[in-house]
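Student: I want a close look at one part of this protein: the nonpolar core. Start with whatever background you need, then take me inside.

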Amino acid sequence: KEGSLCEQAVHISAAAYGSECGSAALKFIPTGGLYVTGGLTPKLLKYIQPSDSPFMKAYHDKGRVTPLLDSVPIFAVLSEDLGL
C-alpha cells in the first residue's frame, strides 16, 4: 500500500542497498559494469530501476565523486538461482 509503514521500510532498505552499491562502485571502479545480484534484486526492481528510485538516488549521492559513477553502468541480474 502506498504510504504504508511497510513501503517506507522498503524505501529505506532500497536506499541502503543503493548506497552500499555506490560505495562498492567507487571502491572497485568497475567500468565494465556493476552487476547487482541476489534474491532481493528481482523483488525490489521497481525500487531499483527508475532513475528517481530510492536505490539510484542513494547510489549517486556520493558528493564530489558522483561524476565518477556516471562511467559505471549498473546491471540488475534477475536470476535468483545464480551459481558461483
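Tutor: A charge convention comes first: Lys and Arg count as positive, Asp and Glu as negative, while His and the chain ends are not counted. On that basis the protein has 7 positive and 8 negative charges, and the mean positions of the two sets are 4 Å apart. Keep in mind that this is a predicted model.

Now the frame around the core. There are 5 helices and 2 strands. Their order along the sequence is α-β-α-α-α-α-β. The C-alpha atoms fill a box of roughly 35 × 35 × 15 Å along the principal axes. The radius of gyration is 13 Å; a compact globule of 84 residues would have one near 12 Å, so the two agree. Long-range contacts carry much of the picture: among contacts with a separation of 6 or more, 73% join residues 24 or more positions apart.

Next, inside and outside. Buried residues make up 31% of the 84. The accessible surface is about 5600 Å², and carbon and sulfur atoms account for 59% of that area.

Here is the general background to your request. In soluble globular proteins, nonpolar side chains tend to be buried together.

In this model, the largest nonpolar core has 14 residues. Those touching the most other members are Tyr-17, Cys-21, Ala-25, Leu-34, Phe-55 and Tyr-59. At least two residues come from each of helix 1, strand 1, helix 3 (45-48) and helix 4 (54-60). Helix 1 is the top contributor, with 4 residues.

Zoom in on Ala-25. Which residues does Ala-25 touch, leaving out those up to four places away in sequence? They are Pro-30, Leu-34, Tyr-59, Leu-69 and Val-72. Two of these partners, Leu-34 and Tyr-59, are also among the core residues with the most contacts to other members.

Helix 1 also holds Ser-23. Ser-23 has a relative accessible area of 32%, so it is partly exposed, since buried would require under 20%. From Ser-23 to Asp-61 there are 38 residues in sequence, yet their C-alpha atoms are 9.8 Å apart in space.

Finally, follow the chain out of helix 1. Ile-29 lies in the loop between helix 1 (5-28) and strand 1 (34-36). Its backbone deserves a look: Ile-29 has a positive phi of about 45°, though it is not a glycine. Is Ile-29 buried or partly exposed? At 38% relative accessibility, Ile-29 counts as partly exposed.

Conventions:
Residues numbered from 1 in each chain as written. Predicted model: local features only at pLDDT ≥ 70, side-chain atom pairs only at ≥ 80, totals over all residues. Heavy atoms only, no water. Rg over C-alpha atoms; globule rule 2.2 N^0.38 Å. Buried < 20%, exposed > 50% of the residue type's maximum accessible area, 1.4 Å probe, protein only. Contact = heavy atoms within 4.5 Å. Areas by Shrake-Rupley, 256 points an atom, 1.4 Å probe, with all protein chains shown as cover. Charge placed at Lys NZ, Arg CZ, Asp CG, Glu CD. Core = buried A, V, L, I, M, F, W, Y, C linked by side-chain atoms within 4.5 Å.
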